[in-house]
Amino acid sequence: MSRSADRIQDPWGARTPYAPGSPWPERIDQHLAEGITEDQVERWVPAASVLHSNGDAMDIAVRQGRIVGVRGRPGDRVNRGRLGPKDLYGWQANHSADRLTRPLVREGGRLVECDWDTAMERVVARSKELLDDKGPGAIGFYTTGQLFLEEYYTLAVLARAGIGTHHLDGNTRLCTATAAEALKETFGCDGQPGSYEDIDHCDTLALFGHNMAETQTVLWARVLDRLEGSEPPRLVCVDPRHTPVARRAEVHLAPRPGTNVALLNALLHEIIRTGRVDRDYIERHSVGFDELAAMVEPCTPRWAAGICDVPAAAIEAAAEILGGAERLTSTVLQGVYQSHQATAAAVQVNNLHVIRGMLGRPGCGLLQMNGQPSAENTRECGADGDLPGFRNWENDEHVAELARLWNVTPDRVPHYAPPTHAMQMFRYAEQGSIRMLWISGTNPAVSLPELARIRSILAQERLFVVVQDLFLTETAQLADVVLPAATWGEKTGTLTNADRTVHLAEKAVDPPGEARSDLDIFLEYARRMDFRDKDGGPLITWQDPETAFAAWQRCSAGRPCDYTGMSYAQLRTGGVQWPCTPDSPEGTRRLYTDGFPFAHPDACESYGKDLVTGASVDPVEYRSLNPDGKAVLKAAEYLPPHEGTSPEHPLALITGRTVHHFHTRTKTGRAPELNAAAPDVWAEMSPEEASRQGLADGDLVQVTTPRGAIRARLRTTAMRDGTVFVPFHYGYWDTPQGHRPPDDGPGRAANETTITDWDPVSKQPLFKTAAARVTLVARRDAAEHARTGTDRARTETGSRT
């Protein structure tokens with residue numbers, strides 16, 4: 001049994017090396033509350049992590065009605081017993097003294113406690129008033145990536161077929177929308193082709209904009225164990241920062257932010273030029289190769305070097321590794337998704353795997369990763385702007401299928417235009433067409449770009465804001481009604497990780513006070529709204545998690561994300577990958593082992609979009625291009641970022657995550673070990689860049705963009721010159737001002753500075769393309785240096801890197 005005493009400084013734990021093709025050895029990680037021993041634990045309850053997208057399986061320790069610790073589940077396919085720092089310590093947030101325990105309503109400009117009837121009647125009355133006066137387009141729902149599948153599906157049904165609104169999206173728009181869109185562009189539908197088990201088999205591993213060491217610590221432990229074993233894979237890393245991943249890479253490419261497409265086109269150029277393509281696979285399984293080859297033909301490494309500021313020789317070396325791989329596994333995350341030309345760049349990674357024939361076999365894995373723990377479920381269930389079951393809103397038969405499932409007429413399922421993405425929803429609220437916004441489990445007053453604008457939108461008198469959450473977040477403080485929600489360990493449901501593994505997380509303890517599960521809140525709203533089907537019966541017929549899961553199974557039947565072979569009883573024994581049907585009851589390790597059936601025009605989730613403009617491809621055009629349903633190789637021309645550097649703003653600002661925190665710290669900031677490891681925001685620059693700016697390690701600096709400014713301590717570390725990095729987790733809930741910067745001056749939330757801009761295809765906001773300047777506020781004196789030296793040493797392993 002591995003204890004957790006050193007897991008702040010060593011997030012990945014002890015090594016268990018293994019050889020290619022061997023199973024990953026087990027290692028059980030555990031952390032119990034101080035003074036609690038194993039024999040004092042009364043019961044262990046199965047669950048999975050909701051503080052990252054890896055899906056680490058664990059058991060919750062319960063004593064006297066309280067959670068007192070966790071341990072990894074050794075037999076689970078995802079983590080084999082391992083847990084990361086957020087898994088080991090994050091559960092303590094459940095016990096925070098400032099948990100919401102009763103509903104709140106705004107009276108006389110203040111939030112005051114009330115009972116559930118009062119709060120729900122206020123929400124229902126405003127809903128009905130707006131439906132009568134303005135229509136369904138006046139109501140929008142903005143949800144999270146941390147709920148359970150059963151809750152997302154219920155929300156999707158009540159929003160789509162109950163209210164009838166197009167306006168439903170999740171904060172997964174900020175982290176995983178590009179993953180979904182890239183998969184749809186190439187393969188016709190969502191769903192990760194690969195599996196975490198491909199790390200056990202690959203001979204080459206490429207990470208594109210993915211700091212796995214901090215965002216999925218247990219998955220990185222798996223990589224480290226392969227690297228320490230016999231026949232370690234060759235590692236290629238693309239990241240402007242010198243992360244732990246970059247330090248282990250054979251080739252590290254650190255491109256100028258916003259130039260990913262140029263770099264990837266050069267890699268494709270070299271692989272095609274040297275003939276390292278699987279022409280038989282290309283001929284049998286894809287369309288568009290000639291167009292791709294013509295697009296990248298002039299994109300030489302020398303050409304890309306001038307754009308990306310990466311040595312041409314390094315691009316050639318990376319192409320040599322990728323082109324020579326016999327079993328290539330690639331992962332992609334926010335360094336691509338939150339940057340310029342996000343979908344276009346992610347699609348080029350897909351293209352790399354298709355032209356090399358590296359799909360559907362052990363070690364030939366492609367993972368367009370997720371950032372949020374249940375992001376996959378928002379996409380499957382249609383809580384992210386798509387239709388449930390990966391259905392195509394432009395395909396009348398797909399809409400009719402949903403109408404039959406819900407026993408409504410097809411016109412009750414909004415499909416006259418594309419579903420509204422989150423950034424557009426906030427624009428509609430700003431303009432006044434959305435008059436009610438229901439925000440569940442997320443904190444846009446810290447996580448969205450250009451926060452001064454977001455605060456002004458949420459504070460509008462005409463906008464009725466409902467917030468459903470655990471704490472009085474920066475967003476909740478601006479609400480008209482606040483509903484106290486139960487969280488992980490206090491409710492039951494399923495969640496699906498980034499490699500399609502479904503886990504069951506069961507209720508271990510009761511929620512505090514009058515807090516209710518998100519499912520119960522949505523079901524109560526649907527009951528009070530009296531949503532009906534076409535025969536006059538209740539639109540939503542389920543009443544608990546297991547019956548909601550059964551309803552979802554019916555919706556998923558025959559679709560790529562088929563759950564019909566699963567059951568709660570089966571999931572209690574461990575995670576299962578979808579599709580899982582009665583014919584494949586153990587699940588499916590890899591997709592696309594023999595072609596791309598869901599790319600067929602009659603089955604596909606999307607007909608695709610133009611990678612430059614985002615304009616939808618006409619269904620007739622798609623059918624003409626891809627009548628037999630093959631992978632679509634889509635070329636993309638490099639275009640410069642919209643906001644470039646200038647003499648006034650000479651640096652490129654990128655924001656991102658740190659190993660010890662999740663999202664806006666509403667949970668991890670309340671876990672003592674995690675908060676102590678990274679208590680406040682900082683800014684990173686290379687020592688050379690800091691010197692050029694007249695700055696030194698430890699200085700208090702101001703990072704300013706055309707939108708706003710923040711103040712942070714400077715950390716000098718290895719990264720590309722001309723760039724400044726700021727973690728985005730820090731807001732204001734734990735500061736005197738509560739939900740905004742002091743006196744509207746410089747704040748600590750990175751998104752005070754980021755730009756309101758998004759990828760034209762996925763509509764994912766761009767958090768890594770702002771132009772900035774960094775100026776000195778105050779030098780760090782010797783006393784400050786001595787006082788914070790210990791904190792810095794503690795955070796160097798994770799946060800600093």
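This text goes through one sheet of a predicted model, the helices that pack on it, and a residue in helix H4.

The sheet is open and has seven strands, which follow one another in the order S6-S5-S17-S16-S15-S7-S8. Its pairing is mixed. Strand S6 (110-113) and strand S8 (168-170) form the edges, each pairing on one side only. On average, neighbouring strands are turned by 20° against each other, direction ignored.

Within the sheet, strand S15 (residues 436-440) pairs with strand S16 (residues 464-469) in the parallel sense, over five bridges. One residue pair can be followed across these strands: Ser 440 has Gln 468 of S16 as its bridge partner.

Two helices can be placed against the strands. Helix H2 (residues 116-133) packs on the sheet and touches strand S5 (104-107), strand S7 (139-143), S15, S16 and strand S17 (481-484). The direction of H2 makes about 130° with that of S17. Helix H20 (residues 518-529) lies across S7, S15, S16 and S17, and runs at about 155° to S15.

Helix H4 (residues 177-187) contains Thr 186. Is this residue, Thr 186, buried or exposed? Its relative accessible area is 1%, and because buried means under 20%, Thr 186 counts as buried. Leaving aside residues up to four places away in sequence, Thr 186 touches Val 347, Asn 350, Val 354, Lys 630, Ala 631 and Val 632. With Asn 350 there is also a polar contact, in which the side chains of Thr 186 and Asn 350 are joined at 2.9 Å.

Notes
Residues numbered from 1 in each chain as written. Predicted model: local features only at pLDDT ≥ 70, side-chain atom pairs only at ≥ 80, totals over all residues. Heavy atoms only, no water. Pairing = 2+ DSSP bridges. Helix = DSSP H or I, 4+ residues; strand = E, 2+ residues; numbered from the N terminus. Axes fitted to C-alpha atoms, helices over the stretch in contact; angles between N-to-C directions. Contact = heavy atoms within 4.5 Å. Buried < 20%, exposed > 50% of the residue type's maximum accessible area, 1.4 Å probe, protein only. Polar contact = N/O pair within 3.5 Å; in protein donor to acceptor, adjacent residues only side chain to side chain.
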